[in-house]
Amino acid sequence: MSGVLGARTAVNPLRQLTIDQLRRRTSLKWREYPDDVLPLWVAEMDVPLAEPVAQAITDAVARGDTGYPAGTAYPQALAEFARRRWGWDGLVVERTALVPDVMHGVVEALRLVTEPGNAVVVNCPVYPPFYESVAHADRRIVEAPLGADLRIDLDTLEDAFRRARAGGRPAAYLLCSPHNPTGVVHSAAELTAVAGLAQRHGVRVIADEIHAPVVARGARFVPYLSVPGAENGLSLMSASKGWNLAGLRGGLLLAGPAAAGDLARVPFGVSVSTSHLGVIAHTAAFRDGGEWLDALLTGLDDNRRLLGALLAEHLPAIRYQPGQATCLAWLDCRALGLGDDPASVFIDRGRVALNSGLAFGTGGVGHVRLNLAAAPEVITEAVRRMASAVS
Ligand SMILES: Cc1ncc(COP(=O)(O)O)c(C=O)c1O
């Protein structure tokens, strides 16, 4: 076990903290439920902070460097990360804006390209705050459910684009790439088709790419702005999910070449609301956190396999199609006969907290989302508890 301040070696960060250490945390994952509940819900990870990140913010605190954010170190670090990891050299620092976090960035992006009352298309089931944030921004959701294979269904998407644009009103498509909760990584062909459809129907694409760093090495993340036809697209990126930095907030809004004018309308007050310490942390993660991230990705791969094996043995009625990204697993529990909300049964009878699928929109009934960013022993215990809840 290492201390909680920083893992010095690239050993699996998911194996470094004990449950007792984790239970001393004061964040949402660990404080929402009593101590007899095993929490595998909100997308926080049971990892120590990556050493380069811990060092960067410790140094900043020592300097008293806690003012407003300045400069372009964050987008520069992301541009270099994008070049190294995804072979993408199209991230232009001048076409980026700091945003306080990804969901605030999504709302800002919606304000740039739509008006109140306009439609926003989403691929349900999807990250629940998409619904809440769209409603809060006075826009309305149009659902384009994923196909049975959990991938984007282009016919359904096109139909949703038509409905969203009825009467010629502006509309946006909030793409989740990679997709939360399924962990699906959209292919270059799919994204190119999406861009073509969006162009044809005059829909503006806003890609939430917060999970982009958390993609298994066997898969290839394709940045939306890198595909042909995406020139007027917008994207949100962040180190938040890759390095567990939700407590050190900071996102980047990226614009394609034809969206630069929109980006220029992001108010200074929005960008300057980003946490300076967050910017320092995210910059360090993208610049120096690659080794740590690789160790995490290996650990998540192992956990995906472990979960598949455990479910096959103890809960074979649950359908699980492992994704290649995110720390999340989307479980179809309908065959268990636990009703619309199996998460409520798992917590009441099994004392294990998962996300209820109901909040993820159409397609979420009878499903739960399980957070894989935990030690293998915790995953094993979670499945044991789930199995005990149904026996
Ligand atoms: C798809 C997606 N977008 C946004 C967020 C939240 O990002 P932030 O905390 O930067 O607003 C999450 C968190 O899990 C997410 O899964």
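Let me start at the ligand, where a backbone N or O atom of V102 lies 2.9 Å from one of the ligand's oxygen atoms. Please keep in mind throughout that what we are looking at is a predicted model. Two side chains make comparable approaches to ligand oxygen: a polar atom in the side chain of H211 lies 2.7 Å from an oxygen atom of the ligand, and for K241 the corresponding distance, again from a polar side-chain atom to an oxygen atom of the ligand, is 3.2 Å. Taken by itself the ligand has 400 Å² of accessible area, and the protein covers 94% of that. Besides V102, H211 and K241, the residues that surround the ligand include A43, D101, M103, Y127, C176, N180, D208, I210 and R249.

One of those surrounding residues, N180, brings me to the backbone. The peptide bond that runs from N180 to P181 is cis, with an omega near 20°, and P181 itself sits in the loop that connects β5, residues 171-176, with α8, residues 188-201. There is also a cis peptide bond between C124 and P125, where omega is about 0°; P125 belongs to the loop between β3, residues 119-122, and α6, residues 129-136. I point these out because most peptide bonds are trans, and most residues other than glycine have a negative phi.

That second point leads to D138 and T326. D138, which is not a glycine, has a positive phi of about 60°, and its place is in the loop between α6 and β4, residues 140-143. T326 is likewise not a glycine and has a positive phi of about 70°; this residue is found in the loop between β9, residues 319-320, and β10, residues 328-332. Is each of them buried or exposed? D138 has a relative accessible area of 53%, and since the cut-off for exposed is over 50%, D138 is exposed. T326, by contrast, has a relative accessibility of 0% and therefore counts as buried, the limit being under 20%.

Staying with α6 for a moment, the helix that D138 follows, its buried residues are P129, F130, Y131, S133 and V134. The elements that cover them include α5, residues 102-113, together with β3, β4, β5 and β6, the last of these being residues 204-208.

Now to helix α4, residues 73-86, for which we can check the length. With 14 residues at 1.5 Å a residue, the helix should span 20 Å, and the C-alpha atoms at its ends are 19 Å apart, so the two values agree. Y74, P75, A77, L78, A79, F81, A82 and W86 are buried in this helix, and what covers them includes β2 (96-99), β7 (234-237), α9 (240-243), β8 (251-255), α12 (276-288) and α13. After α4 comes G87, whose phi is positive, near 60°.

Helix α13 also matters for the interior. The largest nonpolar core has 105 residues, and those with the most contacts inside it are Y173, Y224, W243, L307, L331 and F346. Helix α13, residues 290-314, contributes eight residues, which is the largest share of this core. If we take L331 and set aside its neighbours within four places in sequence, its contacts are L307, L311, I318, R319, Y320, G366, H367, V368, L370 and M386. Another core lies apart from the largest one; it has 29 residues, including A109, L110, Y131 and L253.

Let me finish with K29 and P228. K29 lies in helix α2, residues 28-31, and its relative accessible area is 1%, so this lysine is buried. Where does K29 make its contacts, beyond residues up to four places away in sequence? K29 touches P39, L40, W41, V42, E44, D46, N371 and A373.

P228, in the loop between β6 and β7, has a relative accessibility of 53% and so counts as exposed. Its contacts, not counting residues up to four places away in sequence, are T192 and A195. P228 and A188 are 40 residues apart in sequence, while their C-alpha atoms are 9.6 Å apart in space.

Terms used:
Residues are numbered from 1 along each chain as its sequence is written. This is a predicted model: local features need pLDDT of at least 70, side-chain atom pairs count only at pLDDT 80 or more; totals for chains, interfaces and linings use all residues. Side-chain values use heavy atoms; hydrogens and water are left out. A nonpolar core is a set of buried Ala, Val, Leu, Ile, Met, Phe, Trp, Tyr and Cys residues joined through side-chain atoms within 4.5 Å. Buried means under 20% relative accessible area, exposed over 50%, partly exposed in between (1.4 Å probe, protein chains only). Helices (H or I, at least four residues) and strands (E, at least two) are DSSP runs, numbered from the N terminus. Contact means heavy atoms within 4.5 Å. A residue is near a molecule or strand if one of its heavy atoms lies within 4 Å of it. A polar contact is a pair of N or O atoms within 3.5 Å; within protein, one must be able to donate a hydrogen and the other to accept it, and residues adjacent in sequence count only if both atoms are side-chain atoms. Accessible areas come from the Shrake-Rupley method with a 1.4 Å probe; for residues, only the protein chains shown count as cover. The expected span of a helix is 1.5 Å times one less than its number of residues.
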